[in-house]
Amino acid sequence: MTEHTKKLLEYLQKGDYRKERVRGEIDVSAEARGRSELRRDALLFRVMLENETPGIFPYDLFGFRRSRTDFAFYTDDSGKRNAQWSAGNLTPDYPRALALGMDGLRADLLTKKEADGGAHGEFYAAALETVDAALSYADRYRDFAEANAPEPLFRALCRVPRQKPESFYEACVFLQFIIFTLRCNRNTHLGLGRFDQYMLPFWRADVRKGVPEETLFETLEEFFISQNFDTDLYQGMQLGDNGQSLMLGGYDLDGNDRYNELSDAVMRASLELRLIDPKINLRVGKKTPADRFILGTRMTRQGLGFPQYSNDDVVIPGLIRLGYAPEDAADYTVAACWEFTIPGKGAEIVNIDQMVFPKVVRRELFAHLEESETFEDLLEYVKLGVAYDAGEIVGKRKGVHYPASPYLSVLIEGCAGSGKDVSEYGAKYNNFGAHGVGIANAADSLAAVREVIYEKRECTKRELLQALEKNFEGYGKLRNRLLSCPKMGSDDDRTDGLAQVLLETYAAALNGKPNDAGGVFRAGTGSAHEYYYSARNVGATPDGRKAGEMYGSGFSPSLTGRPTGPLSCIRSFTKFDMTRLVNGGPLSMELHDSVFRDEDGIEKVAGLVTAFIRLGGHQLQLNSVNRDVLLDAQAHPEAHRDLIVRVWGWSGYFVELDRQYQEHILRRTEFLI
Amino acid sequence: MSEALIFSIEEFSVHDGPGIRTTVFLKGCPLRCEWCHNPEGQRFENEIVKSQTGCANCGACVTAGGGRLDEKSVDVCPNRLLRMSGEPYTPERLLQRLYRLLPILNEAGGGVTFSGGEPLAQPDFLCECLDLLKGKTHRAVQTSGYCSAEEFRRVLGRSDFFLYDLKLPDPAAHRRYTGADNAPILRNFRTLSGSGTPFITRIPLIPGVTDTEENLAAAARFLRENGVRSVELLPYNRFAGAKYASVGRRYHPGFDENALPRARTALFKNAGIDAKVLWGEHID
């Protein structure tokens, strides 16, 4: 890290810049009247930018910082306000923007508008209004930079964003401009996509021109630091949940490994910076060399909760199976957390709903346990229940679309071409994804019922239902017995087999079902914050979980069962056909930080990741944790301001998290040494 | 068919031999090292382990055990704070448990390590397990070396690798701090070093006990005499006493727990021995 980079980092960490911002919303209701929804959204964007004041931080070479905390808004004639947050959870088409420049994008819009002959006049008018607003701000910023910003930034701004960038640095400034403007457009959870692919030509061209690698690396690190400014203004459940994920590597359809020298530089930069943004994802497969897993493990050791690994051998065939064009499938990235999507082509709603498995199991138990003579009878009812809930998702999610977002649509290939906004499903892919929550709690519940009721007959059906109804009050011994039944994550084929039944039923009932956006539904294994929200109103379950207690995170063991160990856990969670569950959702595992204390340990953890990938897992996320440190951080937050932890598809500062998320992380570490 | 109490199976153990290893901890040890951090491994008899936080003092456990804690107490604790330390395993049952993990272990260049307690204290069980795993995975034994010459040879012929703990070459000091005679340990070490079976020697660095110049020099001399050219030094873990309360015992080491252990690597270097200090706080 250079001295200059250190200074920028220190400035970020002091955080004083946040105090300088202007507060207050701008009411544009009068001007919005009579405009279409598309044009109203363009208006919000234009006014927001008109009211932004160019500024630059010390040591900052990228600029484009927010000077206002709040957006413009309007109230329509019926008194309804516009949606505060707009479309998100996707990755814009950065490569196309970088190739054309904003002037090029504008010219393209004009050509398409001509060809369209007025059929989509509103879209093109709105889109052009936004591009002009963005360009006007870029010009204003350039004029400001001439007198106030470092020379290199001003020089870069004489070319970008209007023209295409000519160097790696200019490309970074261009990206910064796009990200800033999209944030001003109220777009949330925007991934950085396959940065190591679309930025590589600029990196290589600079190297050929003789730019020293250290200079390029300094630019890269400072660009990453840049992505950590203003994140408090981004929509998210908690600070850190902002979707700034970056994907590295990946195999193309011919099986070529696309990991390159820039991917490596990104890894090194992230290792050195130890910041929560951007969050690193690695595409890997059976052929991935061991040293890459070792590098990834070094990153895991930092305790930031990334990289997150995605298995190309599973995800690409899975996406193709769902109807994605093979070349698009091979270009996948993660939307924000873990949901697989196609950069620049997907405007999918990847978290439209969720299957809450324990809720279904509990409901079917109360409805059908007493009449079910055999466990198989009961399981049939549960399968019907899962299929029913999947049907509900399909039936309920009609007419759902993003708010109008013409500026974002300019950066999505299909929209500009078709004259249809993302809200009008103009993108190439408009699929809807649903999470799969609490799979381990559900499988564990069924396993316990099978053992205690049907096989060993240790308690009556009535008694079990009463215990659940009373939340185990007065049934402590029975609860202990239930807790001692086999649990998912211990490589018990019979218990894992129940998870398989649930997952297969879910995937069969949801995958490929058409939505009314011209796409299909897709099943996943993520939970996001639903491990908390969807658990609050679900009563006690036969795995021993009490009413309201949280489920495991994503595709992971429950919080109640004592897992037998990481190897069994990996085996438990790789027994399924994960190509049917490509809405994504990782297996998360916690390893005590002492495992990582020497090179030998690092190599062995890398071996664990390799095993997971070879066994056919789809997504993995490891955490290096120390429970004592976490407990101390709860007691003395002031001493642990920098402690970073993985929460679900993102990492955040532990002491900034709401208590329930802190508790979830602590519960996950209970059985570690 | 023999049977042994296993007090832990650590599936993903990274410090017990080459590659990813699953380590099986046999309950019971003839030594009582003052710095032992695994009190659960000491007694051969099963015992109750009680987690120290979260007890509501409801008394259900004592009532169920008829006035004291026993096996019947385990199921009644509403907070699940109690468990039996050891679980009885036959070698066959243990193999069933391990068998599923072997592909992952083998792929990662690892295998199974038997530790304790002192695994050599239950040689029949250990040998049966090692025989069952023969040709299926890499087998290692982590030991203090305290057993008869005959038993040691039995195990030596069956294990691919040893992690051998060398503490105090001086007999009086050894007796004082571990409660046992070190003659069998030194004798078995000679057998091991002459056998051709690969092994690692580890010396725990206990402040004022094993980390003295006198002791480490004696250890270095002993290693050289036996043609051993490398050693791993393991600094004392200051949390060694953490688990004693859970088995109802007190930890009262006869040395200064808070002193930083010395590694004195130069001393080994001068003796032509490559010394590597493992994790942990220490001064050279």
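Visitor: What distance separates the C-alpha centres of domain 1 of chain B and domain 2 of chain B?

Guide: They lie 32 Å apart. The model is predicted, so that value is computed from predicted coordinates.

Visitor: What makes these two stretches of chain B separate domains?

Guide: An assignment does, automatic or from a database. It gives residues 4-42 and 89-277 to domain 1 of chain B. Domain 2 of chain B runs over 48-84.

Visitor: What makes a residue part of the contact between these domains, and how many does each side give?

Guide: The test is C-beta atoms within 7 Å. Four residues of domain 1 of chain B take part, and four of domain 2 of chain B. On the domain 1 side, two are nonpolar, one is polar and one is charged.

Visitor: Why can chain B be compared with a compact globule?

Guide: Set its radius of gyration against the rule. The rule is 2.2 Å times the number of residues to the power 0.38. For 284 residues that gives a value near 19 Å; chain B has 20 Å, so the two agree. Its C-alpha atoms fill a box of roughly 60 × 45 × 35 Å along the principal axes. Ten helices and eleven strands make up its secondary structure.

Visitor: And what does the rule say of chain A?

Guide: The 673 residues of chain A call for a radius near 26 Å; the chain has 25 Å, and therefore agrees with a compact globule. The box here is roughly 80 × 60 × 50 Å. Chain A has 27 helices and 16 strands.

Visitor: What makes a residue of chain A count as buried, and what share qualifies?

Guide: A buried residue has 20 or more other C-beta atoms within 10 Å of its own. In chain A, 58% of the 673 residues qualify. In chain B, 44% of the 284 residues do.

Visitor: What share of the contacts in chain A joins residues 24 or more positions apart?

Guide: Counting contacts with a separation of 6 or more, 77% in chain A. The figure for chain B, on that count, is 72%.

Visitor: Which domains does chain A have, and what makes them touch?

Guide: Domain 1 of chain A covers 3-187 and domain 2 of chain A covers 349-585. Their C-alpha centres lie 40 Å apart. C-beta atoms within 7 Å make a contact. By that test, 32 residues of domain 1 of chain A and 20 of domain 2 of chain A take part. On the domain 1 side, α3, α4, α5 and α7 of chain A give two or more residues each. That side divides into 18 nonpolar, seven polar and seven charged residues.

Visitor: What makes a set of residues a nonpolar core, and which members touch the most others?

Guide: Members are buried nonpolar residues joined through C-beta atoms within 7 Å. The largest such core has 269 residues. A:Val173, A:Ala443, A:Leu502 and A:Tyr506 touch the most other members. Helix α7 of chain A, residues 168-184, gives the most to this core, with 13 residues. Leaving out residues up to four places away in sequence, A:Tyr506 touches A:Met355, A:Val386, A:Ala390, A:Gly436 and A:Ala523. In soluble globular proteins, nonpolar side chains tend to be buried together.

Visitor: How do you know where the buried residues of α21(A) sit around the helix?

Guide: Start with the residues. A:Leu478, A:Arg479 and A:Leu482 are buried. Seen down the axis of α21(A), they fall within an arc of 100 degrees, so they line one face of the helix. Their cover includes α19 and α20 of chain A.

Visitor: Why are the buried residues of α27(A) said to share a side?

Guide: In α27 of chain A, A:Tyr661, A:Gln662, A:His664, A:Ile665 and A:Arg668 are buried. Their arc around the axis is only 160 degrees, which puts them on the same side of α27(A). They pack against α23, β13, α26 and β15 of chain A.

Visitor: Finally, how many residues does each chain bring to the contact between chain A and chain B?

Guide: Chain A gives 20 residues and chain B gives 17. In chain A, α21, α24 and α25 each supply at least two. Helix α25(A) gives the most to this side, with six residues. The chain A side divides into six nonpolar, seven polar and seven charged residues.

Definitions and conventions: Residues numbered from 1 in each chain as written. Chains lettered and ligands numbered in written order. Predicted model: local features only at pLDDT ≥ 70, side-chain atom pairs only at ≥ 80, totals over all residues. Contact = placed C-beta atoms within 7 Å. Helix = DSSP H or I, 4+ residues; strand = E, 2+ residues; numbered from the N terminus. Nonpolar A, V, L, I, M, F, W, Y, C, P; charged D, E, K, R; others polar. Buried ≥ 20, exposed ≤ 12 C-beta atoms within 10 Å, placed from the backbone. Arc of directions from axis to C-beta.
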